[in-house]
Amino acid sequence: MQRYFLHLAYDGTNYSGWQVQPKVNTVQETIEKALRIFVPDVKCIIGCGRTDTGVHAKDYYAHFDTNVEIHPEIVYKLNAVLPIDISIKDCFTAKEHVHARFSATDRSYEYFVHFAKDPFKNQYSVYHSKVINIDLMNVACAYLLGEQDFSAFSKSRTQTFTNMCNVKFAHWETIDDGMVFKITANRFLRNMVRAIVGTMFKIGEGAIPPEELKTIIAGKERSAAGKSVHPQGLFLSKIIYPQFHGPDNR
């Protein structure tokens, strides 16, 4: 069988995340149904990772195996039947050992925050009414870097064998109408970015000092970290595969 990769993007507003779940609308199931119209032997598609309910993806990859020869027009055909909030950018062949989830070396997320109440931003950014000190939050970002156990920012009872993650970049940036948090790691735990942002808000508001983040990480207790922030401000923004992007683009 030939392995194919889909490169896509989606607005997660109307979906209960990526992964197929009973009795709810998911991105994976929606794409699988559309794909089987043109490629009947597809059993399932494997995504590069899970996203929570309401979380968006600017850059997402999934793979599937088939005996059917796929032609370039499959991109047009899929986009014609998929809902407007899912876009297929490309479909291309890959070696059978390249896996959408396990072959990715870097994943990047962005979390958007705005401070002026605006009903037209709420779908893709989170309104925050309190004053935030971005400098304090960027001091705290240094404590996220490196390979550490991030149990303090993970949902309990997950199916992962380890909560170790290697965070390679973390930084808050000011934008015209607010700020954005950018973070890159080799992998992320469920709810991890939203829990980190919630903790960062406590630091930015002065409730806890930046160095407390180091203590929270070391303690590995979810109850010590901040509340998870709303999902609509979160975007999966970039996925890196050495097989496609080259070793220098990590």
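**Briefing: helices, core and loops of a predicted model**

Asn 133 caps the N-terminal end of helix H3, with a side-chain oxygen 2.9 Å from the backbone nitrogen of Asp 135. The structure is a predicted model. The protein contains six helices and ten strands. Its radius of gyration is 19 Å, close to the 18 Å that the globule rule gives for 250 residues, so the protein is as compact as a globular protein of that length.

**Overall dimensions and surface**

- Taken along the principal axes, the C-alpha atoms of the protein fill a box of roughly 60 × 40 × 35 Å.
- Of the 250 residues, 49% count as buried.
- The accessible surface comes to about 12700 Å², and 51% of this surface belongs to carbon and sulfur atoms.
- Among contacts between residues at least 6 apart in sequence, 72% join residues at least 24 apart.

**Helix H3**

- H3 spans residues 134-141, and its residues Ile 134, Met 137, Ala 140 and Cys 141 are buried.
- These buried residues cover an arc of only 115 degrees around the axis, which puts them on the same side of H3.
- The cover over the buried residues of H3 includes strand S8 (164-175), strand S9 (178-185), helix H4 (192-204) and helix H5 (212-219).

**The largest nonpolar core**

- In soluble globular proteins, nonpolar side chains tend to be buried together.
- The largest nonpolar core has 74 residues, of which Leu 144, Phe 153, Trp 172 and Phe 181 touch the most other members.
- Helix H4 gives the most to this core, contributing eight residues.
- When residues up to four places away in sequence are not counted, Phe 181 touches Tyr 109, Glu 110, Tyr 111, Cys 141, Leu 144, Ala 170, His 171, Trp 172, Ile 196 and Val 197.
- Among these partners of Phe 181 are Leu 144 and Trp 172, both of which are also listed with Phe 181 as touching the most other core members.
- Cys 141, another partner of Phe 181, is one of the buried residues of H3.

**Helix H5 and the residue that follows**

- In H5, the residues Leu 213, Ile 216 and Ile 217 are buried.
- Seen down the axis of H5, the buried residues fall within an arc of 100 degrees, so they line one face of the helix.
- Lys 214 and Ala 218 are exposed on the other side of H5.
- The buried residues of H5 pack against H3, strand S7 (146-149) and H4.
- Just after H5, Lys 220 takes a positive phi of about 60 degrees.
- Lys 220 lies in the loop between H5 and strand S10 (234-240), and at 45% relative accessibility it counts as partly exposed.

**Helix H2**

- H2 covers residues 74-81, and its buried residues are Ile 74, Val 75 and Leu 78.
- The buried residues span an arc of only 100 degrees around the axis, which puts them on the same side of H2.
- Tyr 76 and Ala 80 are exposed on the other side of H2.
- Strand S1, helix H1 and strand S4 (86-94) are the elements against which the buried residues of H2 pack.

**Loop residues**

- Most residues other than glycine have a negative phi.
- Asn 191, although not a glycine, has a positive phi of about 75 degrees.
- Asn 191 is placed in the loop between S9 and H4 and is buried, with a relative accessible area of 9%.
- Thr 26 is found in the loop between strand S1 (2-10) and helix H1 (27-38), where it is buried with a relative accessible area of 0%.
- The side chain of Thr 26 reaches the backbone nitrogen of Glu 29 at 3.3 Å.
- Leaving aside neighbours within four places in sequence, Thr 26 is in contact with Tyr 15, Ser 16, Gly 17, Trp 18, Gln 19, Val 20 and Gln 21.
- Gly 54 sits in the loop between strand S2 (46-47) and strand S3 (56-66), and it is buried, with a relative accessible area of 9%.
- The C-alpha atoms of Gly 54 and Ser 16 are separated by 6.5 Å, although the two residues are 38 residues apart along the chain.
- Not counting residues up to four places away in sequence, Gly 54 touches Gly 12, Thr 13, Tyr 15, Pro 231 and Gln 232.
- Tyr 15 is thus a contact of Gly 54 and a contact of Thr 26.

Note on methods. Residues are numbered from 1 along each chain as its sequence is written. This is a predicted model: local features need pLDDT of at least 70, side-chain atom pairs count only at pLDDT 80 or more; totals for chains, interfaces and linings use all residues. Side-chain values use heavy atoms; hydrogens and water are left out. Buried means under 20% relative accessible area, exposed over 50%, partly exposed in between (1.4 Å probe, protein chains only). Helices (H or I, at least four residues) and strands (E, at least two) are DSSP runs, numbered from the N terminus. The arc is that of the directions from the helix axis to the C-beta atoms. Contact means heavy atoms within 4.5 Å. A polar contact is a pair of N or O atoms within 3.5 Å; within protein, one must be able to donate a hydrogen and the other to accept it, and residues adjacent in sequence count only if both atoms are side-chain atoms. A nonpolar core is a set of buried Ala, Val, Leu, Ile, Met, Phe, Trp, Tyr and Cys residues joined through side-chain atoms within 4.5 Å. The radius of gyration is taken over C-alpha atoms; the globule rule is 2.2 Å times the number of residues to the power 0.38. Accessible areas come from the Shrake-Rupley method with a 1.4 Å probe; for residues, only the protein chains shown count as cover.
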